[in-house]
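Me: I'm new to this one, and I'd like a close look at a single part. Please pick a helix and tell me how it sits in its surroundings.

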Amino acid sequence: MRVHDHFRFVPSSFWYGRPSMDPELEGWWQVFSLAIYSGYERTALEPFLRSERIRVAHVARAHSGFQQGYSEGHAAILERVFTRDGLVHEQAGAEVALPSPLPKDPVRPPAGPPWKTSEVGGPAVLARAVVAVAERMYGSAEDVPDAVGWLLDEEFAFGEPYGSTGEFLGDLADAVAHQGTCTDTTVEAVPFLMELVCDDNVAPGSRLVLLGDLLRLAASGSAVEVSLADRIAALGCVWEESAAEYLTRRAIGSELPRLLSRWEDESDAAGFALGALAALCGTRDQRALSGLAALPAPAGSSRADVVSLVAALLSDDREGLVPALDGLASWEPRVAEKAASPSVDPQTLGLAVLPDLVLEDVTSGIAAERDLP
């Protein structure tokens, strides 16, 4: 245990004399714990470590605090690099014994029926289609959004070709929202992403990937709110979504009717993603609800549970939302961990976890990339 930001006052520290990265926590105490292990594969320990994260977060809330990060790794490494400078209390031998046998993750329900396979197309073909959309929308690189300008640059046109479609799509996503963070650049690029999703020259599998990007962007504010829920409660703050996150979601929502108008022409997998996108943007569209009901999602499948969540969000069904989340938490540990905090609002939780749940399902129908030029 030591005072928060202790290293700002240690002359030998990199942080010495620097302004606080977290001025809100001036005067708070930091309680730090290491999860160290040896002789086990990390994957085998995950259910146990997750239960400890949940328990520690509960202890923090009980003391009017919150959990902010954690550290884990092999004992030989962490014990060597962990510094005890500034500790005012250390509880020697405070170890949690590993249970025997180790707990296991809950059994996941069977997936839904396979989706129709969607090809992503070759990287060169996709790049040409994306550039064509950029030229059609913006004409030249002069007035183009920052996230799109590189596509119209000579350096891109005459540069080394991409080795895979996934690599190109990854660069495009990072240009729109670096490391998934919404900015003014992201807002400006939304119409371009929407145009790509509507363009028939973009292969169906790549359109699904782009829909996935839009899902994560639309959920970015909710995801941050869930991750900070305990902190917000402990500090007595009121959550406020950033302007870029709000404007990004609103920009997606304003373009969404154009995508939903193509519902009858979409594959089931794309329809699933579109229904989730409508839920994230608060779009109450009957086509989306009707389309969800027609999806291949047999009772007892993991897909049926995700469809129930999308339907509850789409119809603003608060009573149906809680059992939908409970069903997901019974087999998806990431949902259970987030739901363990009483500070997390169920609707916000549903919006935050929705993109990953949908994408894990629909991307199973995206064909592996072929060696195409």
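Reply: First, a word we'll need: a residue is buried if its relative accessible area is under 20%, exposed if over 50%, and partly exposed in between (1.4 Å probe, protein chains only). Bear in mind that this is a predicted model, where local features need pLDDT of at least 70 and side-chain atom pairs count only at pLDDT 80 or more, while totals for chains, interfaces and linings use all residues. Residues are numbered from 1 along each chain as its sequence is written, and side-chain values use heavy atoms, with hydrogens and water left out.

Let's go for α7, which covers residues 184-198. The name comes from DSSP runs numbered from the N terminus: helices are H or I runs of at least four residues, strands E runs of at least two. Of the 15 residues in α7, 11 are buried, so the rest of the structure largely encloses this helix. They begin with Thr185 and Thr186. Next come Ala189 and Val190, followed by Phe192, Leu193, Met194, Glu195, Leu196, Val197 and Cys198. For the whole protein, 43% of the 373 residues are buried.

What do the buried residues of α7 pack against? Their neighbours are α3, α4 (146-149), α6 (165-176), α8 (204-218) and α11 (243-260), with contact meaning heavy atoms within 4.5 Å.

Now look at how α7 runs. There's a kink of about 40° at Val190, shortly before the proline Pro191; the angle is taken between axes fitted to the seven residues ending at a residue and the seven starting there. Val190 is also on the buried list, so your eye can stop there for two reasons.

To put α7 in context, compare α17, residues 346-362. This helix bends by about 40° at Leu354, and the proline Pro355 follows within four residues. Most of α17 is covered, with 14 of its 17 residues buried. From first C-alpha to last, α17 reaches 24 Å, close to the expected 24 Å (1.5 Å times one less than the number of residues).

α17 also takes part in salt bridges (a side-chain nitrogen of Lys or Arg within 4 Å of a carboxyl oxygen of Asp or Glu). Arg303 pairs with Asp361, their closest N and O atoms lying 2.9 Å apart. That ties helix α14 (residues 302-314) to α17 across 58 residues of chain. Arg303 and Asp361 are both buried. In another pair, Arg334 meets Glu360 at 2.4 Å, N to O, and this one links α16 (residues 333-339) to α17, 26 residues apart. Here Arg334 is partly exposed at 36%, and Glu360 is partly exposed at 36% too.

Stepping back, the structure holds 28 salt bridges. One of them joins Asp105 to Arg50, with closest N and O atoms 2.9 Å apart; Asp105 lies in the loop between α2 (75-81) and α3 (123-138), and Arg50 in helix α1, 55 residues away. Asp105 is partly exposed at 39%, whereas Arg50 is buried at 11%.

As for the whole picture, the protein has 17 helices and 4 strands, and its C-alpha trace spans about 65 × 50 × 45 Å along the principal axes. Among contacts with a separation of 6 or more, 73% are between residues 24 or more positions apart.
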